[in-house]
Structure formats: C-alpha cells, structure tokens
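This report looks at how one pair of helices is arranged in the structure shown below, after a short account of the whole chain.

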Amino acid sequence: MKKMKVILHVDMDAFFASLEQRDNPLLRGRPVIVGGTLESRGVVSTCSYEARVYGVHSAMPIQEALRRCPQGIFVEGNGSKYASASRQLIKILLRFSPQVEPVSVDEAFVDITGSVWIYGSEENLARTLKATIRQELGVTATIGIAPNKIMAKMASDLNKPDGFTLIRPEEIATKIYPLPVSAMWGVGKQTQTALEKLGILTIGQLAAASEKTLKKIFGKNGPALVRLARGEADPPVLFPSEFPDEKSIGQEHTFGRDTDNVDELTAELLLLAQKVGRRMRKRGFVGKRVTLKYRYENFETHTHQMTLFTPTNMDDVIFLSACKLLEEKVPKGRKIRLLGISVSQLRHQNEAFCQPLSLFQAEKGEKRRQLFSTLDHLKDYYGEMVIMQASILKLK
C-alpha cells in the first residue's frame, strides 16, 4: 500500500517588511511599505501587516499606497539582504528534510514524510521549525501541512501570520471543501468568474464537478482543475538536484515621468541590457530569446520577443535586439511608463560554447568575453556606474 505523503508549506510573513522591522527597531509595529520611495513611480513589493490594514498590498502603485496609508514608512528595499535571508531559510529547512523545493524567495515546500517520526508528530515538527526560524532569522513564518502540495499551500493561507494549520486526509472535506474556489492555488480571477457562472462557488463543488463539462470550457485545464480540487494531482516536492534551470533573467525600469522620447528610451534600454548581461555572466548563463516589455501610462502592458541564432550574454547583442524590437514593434507617439528586457531559453555557457565555431568566430567571441569580463571586474570593485557608454548619460 502506498504511504500517504506529508507535505509542509512554509510561507514567511511579510518577509521583506519583517526583515526591515527586524533590523530597525523604529519600524516595528508601524506600517512599512517596501518597493520604492515617495518620489518613485514603482509598485509595492510587499508591506507589513500594519500597512495591510489600510488596504495596501503588493503590486499596488506607490502613489496609491501613499493615498491609502499616508502615515506609511516607504522603504526602497535591499535585494542582497532579502536574498541572503532566503538562503538562510533554505539551509534551515534542509535540516528537517533533504527534499526542499523553493517556490519563491519567501516560501518553499518540504516533503517531511520521512522526518515526522523524529519529532513524534507533524505538529511538533512544525513548532520546532517555526521556533528555529524565529531564533535564527528573527522573523516569523506560517506553516501548512497536508497530504499534497496544493492543499499544504491552502493550509498555510488559512491562518496568517505566524500560524500553523494541519489538514489530515480525513479532514479535507471539512476544512478545504467549504473554501471558495478562489482559495485554490492556480485559480485566478478570470477562472474564478468562469467557474462561478457555472454555479461552482466552492472547492467542494469543483471537486464534484464533471470533468467533461469543464473540459468544454477550459480545455485540458478543466479536468486538471477538478483533480486538483479532489487532491488527486500530487506533483512531488523536488530535490535541489532536480530543480529546472533558471527560466529567464530580466531587468525593468519605471521612468520618473512617462516618456515617448526615443533617445531616452534607447539610453534606458542600453542600461537595462548591461544589467541583464552582467547578471547572466555572473550566473554563467547564455540565452537565445530576448523579450522587450513596455507599459503605457494607463498600465496597458505588452511584450515582444525575438530568437537569436546563437545564445549570448553580451550586452551589445541584447541591447541591439531590444532596440530592434522597440523600433519595429512599439507604436510611436504613446508615452511609456515602464521598460524591461529579459533573456530566456537559458543554458549554461560552457554547454553553449561547446558548439562548433569557425576560427574567426571563436577568436572574436573570446576577445569580447574578455572585454566584458574586464568591465564586470571594474564594476565589482568601483560600482555599477564606474564605466558606461555616453548615451546613458542622457538619463542622468
């Protein structure tokens, strides 16, 4: 008989804001909003629970957050600090099980099927893990435990912050099925609306729905939704060695004021391309697909892509590709609020450079790699802006 799995989902409570409050006692108990200064036109990355009382939430424009919570404390954020804390979190989780799958910088799944006996019960394991996180990271976490990943995620959503919820297989009907379909991981606003038009309001009703009926409306995703609701879909928690490669590397910028000035847009693309290329080289990746993202002043957002003949991590290739997309795909005359570049179809550069090249191509490629390596070293020592192309000065 197949042994029932025990899956734990850990979700850090307002992670970035909590770390800021941890490091600055003056911020504790106050509405902290991470994502940008009052002068910026970015969006909220996350906010403390004190700010959420005022209706502030992630992805909200900073100016709207200010309108709702004028007493809020706006913090630009510290990516290095958050990444370091995230790595610490994963190290802690690996002490409880070797099967840890990060979902994002502040949440992860852990398969604790083989570890529960050490702690005597699921609850003892969860309490010990929460205490360890609080002691070593100085912030709190919410934990959900269930027989599969989907329901463990829903369990952690039931009792935040600093909560713990255990859902045993025999409790799914009483604890999960009464929840609205919007509570199920993967059900977005449009799907929720479509399900509600069918009279499917709860996860229990979705679990009892006809797969054939939903297939006619949602295609192959219809039966998948029903199986998720029934707890039949059971994707495994991956070991670290099984993680797929990073899917893309990108960078975005929100302008201080909307602009349709081609010189300004082009200069920003150059700066973004340099940042993306540098991050790719640091991680040892090259990529074949370049994507240009742009957002108009009314938040209407578009993306356009082009696929290169050979993979690259060179700033100039990424920049010229993005410029070509800007020139050919983006209508002129409308002001742009945000620009972004990302490179996908990534592979490790050692693998890519094993492809046969002509002698001329190999020599040229090696010289350019040496050039960018030198520039990267200069920026490591003296800062990002120590050397730049003159066109970027138009942004200063």
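## Overall make-up

Helices and strands are taken here as DSSP runs, with at least four residues for a helix and at least two for a strand, and they are numbered from the N terminus. On that basis the protein, which is a predicted model, has 16 helices and 12 strands.

Of its 396 residues, 43% count as buried. Among the contacts in the protein with a separation of 6 or more, 64% are accounted for by residues 24 or more positions apart.

## Packing of α13 and α14

Helix α13, residues 262-283, packs with helix α14, residues 315-329, at an angle of about 140°, and the axes of the two are 8 Å apart. Angles over 145 degrees would count as roughly antiparallel and those from 65 to 115 as roughly perpendicular, and α13 and α14 are therefore oblique to each other. Their crossing is right-handed.

The α13 side of the contact is made by L265, T266, L269, L270, A273, Q274, V276, G277, R278, M280 and R281, while α14 contributes D315, I318, F319, A322, C323 and L326. By class, this contact of α13 with α14 has 11 nonpolar, 3 polar and 3 charged residues.

## Helix α14 in itself

At 1.5 Å a residue, the 15 residues of α14 should span 21 Å, because the expected span is reckoned from one less than the number of residues; the end C-alpha atoms of α14 are 21 Å apart, which agrees.

The buried residues of α14 are D315, I318, F319, S321, A322, C323, L325 and L326.

Notes
Residues are numbered from 1 along each chain as its sequence is written. This is a predicted model: local features need pLDDT of at least 70, side-chain atom pairs count only at pLDDT 80 or more; totals for chains, interfaces and linings use all residues. Side-chain values use heavy atoms; hydrogens and water are left out. Axes are lines fitted to C-alpha atoms, for helices over the stretch in contact, and angles run from 0 to 180 degrees between N-to-C directions. Angles under 35 degrees count as roughly parallel, over 145 as roughly antiparallel, 65 to 115 as roughly perpendicular and the rest as oblique. A crossing is left-handed if the near helix is turned anticlockwise from the far one by less than a right angle, and right-handed if clockwise. Contact means heavy atoms within 4.5 Å. Ala, Val, Leu, Ile, Met, Phe, Trp, Tyr, Cys and Pro count as nonpolar, Asp, Glu, Lys and Arg as charged, and the others, Gly among them, as polar. Buried means under 20% relative accessible area, exposed over 50%, partly exposed in between (1.4 Å probe, protein chains only).
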